[in-house]
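Visitor: Could you take me through the salt bridges here, and show me where the paired side chains sit?

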Amino acid sequence: MTEPHALSLDFVAQALGAKAPPSPQRIGRVTGDSRALRPGDLFVALRGERFDGHDFIPRALAQGAAGVISEKAVADKGEAVIFEVSDSLAAYRALAAAWRRRLGLPVLAIAGSVGKTTTKEMLAALLRGRYTQLVATQASENGFVGIPKTLLELRAESEVAVVEIGIDAPEAMAAHLELVLPDALVVTAVGAEHLEGFGSIAKAAEEECLALHWMHARGGLAAINLDDPYLAPFATLGGGRPWVGYSLRSHLRPAADRIRGEYDEVGETLKLWGAGFAGECFSCPLPGRHNARNLLGALALARAWGLEAEELERGLSSFVPPPGRSHRLRLPSGVEVLYDAYNANPDSVQAALRLVWSWQQRSPGRRSFICLGDMAELGTRERYFHERLARPLRVLKPAALWLYGRKMRFLFEGLRQENAGFDLQYFESKSEMGRALHAQARPGDLILIKGSRSTGMEDVFDALRSSADPSPRSE
């Protein structure tokens, strides 16, 4: 007899409505990566833009897969159970949905245009102040494949899950919400994201705000960013429990359902008032006002979930910065790097530029090198959003603005027509940019490296680091 909370081949058959021989055999894990498969795992043959998981079914079977979800018949299956389906991705998501409902564990979710992964990591750290068995989305695996992957990592001993929800087209949010079934949620902010799929910021906002409508209809809990004009109106709603609004604006009057955060940019601390806080101070693990707002959103949701200040402080101490996101480090040469190359959109780039500007104001005469790669998925407005970066850059007046990528050429050509007052260069090679940084940057200089993941600006960082020293010291 299979245990009621065991992930087994019988459970898979039941979840998929598949005709398969009865088998109470437990499954170790569910994976679409044959390279990571271990004996006893269930392999899902997923299709991607550049691969077809069905090509790796023989490898999965050779490595001891207990079962396979496939859109094709499998001849030499050995002792493995084959679940033949019409759509492997749909089956994968159906299995995750059934598993999430079977366990019934509390799930807290994070959505929004910017700051999702950072907020997710911060919320997970805060919750560890109370929970020892916590499952959270890995990296930015927040889409149609990543979300079921996270849910299928839940086990009976898990206490809570933190799931990141990312959307890039209409109807995605509704599909993800029905899979995740969150008990509490925060939408970080609304901005220019995935405009190739949405067409406009207004449509992106509409899709993001579906999450709050969904939570309201089901009596769930939410934390509302009162500083975002698209999200602030939702503060008047509420589920079965009062929703909590949060703001970094000094004029907000704290209340039982409103938290005001006071950010000290020099000391990088966040002091809280309202919702039971009376001036408690938390260290911001990442620099910048935008990251302080991410932390405030995570604190607001964790507080609404019932965590005490002592638990929040204890949990926050376990925070580890996500790779490539606002990572501040100092090379042995004395050059400081703000490495923020995992993702980029107009809002996050401007937030990074504001952070560099604030550091320059505190250290007059300090030189800054701004290295930017393309911002992806902006649709027909990609030229507009790239050219619009000229305005904050004129205010910043860096020592150098170095650009890479087809879309950043729009910004380059626009600035080249004027005397911008700084070293403006366009690079055809990221490694060349990294070597030039090493050659020109001096101790005390600040380098910002930022671009969308598809641009691969980590190559600039790697070239700089390997030229300078193979082992930089993180701060």
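Guide: Happy to; here is a walk through the salt bridges, pair by pair. This is a predicted model, in which local features need pLDDT of at least 70 and side-chain atom pairs count only at pLDDT 80 or more, while totals for chains, interfaces and linings use all residues. Residues are numbered from 1 along each chain as its sequence is written, and side-chain values use heavy atoms, with hydrogens and water left out.

A search of the whole structure finds 31 salt bridges, each being a side-chain nitrogen of Lys or Arg within 4 Å of a carboxyl oxygen of Asp or Glu. One of them joins Asp183 and Arg100 at 3.4 Å, N to O. Asp183 lies in the loop between α6 (172–180) and β8 (184–187) and Arg100 in helix α3 (residues 88–103), so this pair ties together parts 83 residues apart in sequence. Helices (H or I, at least four residues) and strands (E, at least two) are DSSP runs, numbered from the N terminus. Arg100 is buried, at 6% relative accessible area, whereas Asp183 is partly exposed at 30%. Buried means under 20% relative accessible area, exposed over 50%, and partly exposed in between (1.4 Å probe, protein chains only).

Next come Lys450 and Asp340, whose side chains meet at 3.0 Å, N to O. Lys450 belongs to strand β19 (residues 446–450) and Asp340 to strand β15 (residues 336–340), a link between distant parts of the chain, 110 residues apart. Lys450 is buried at 2% relative accessibility, and Asp340 is buried at 8%. Finally, salt bridges with shared partners connect Glu268, Arg328, Glu336 and Arg366 in one network.
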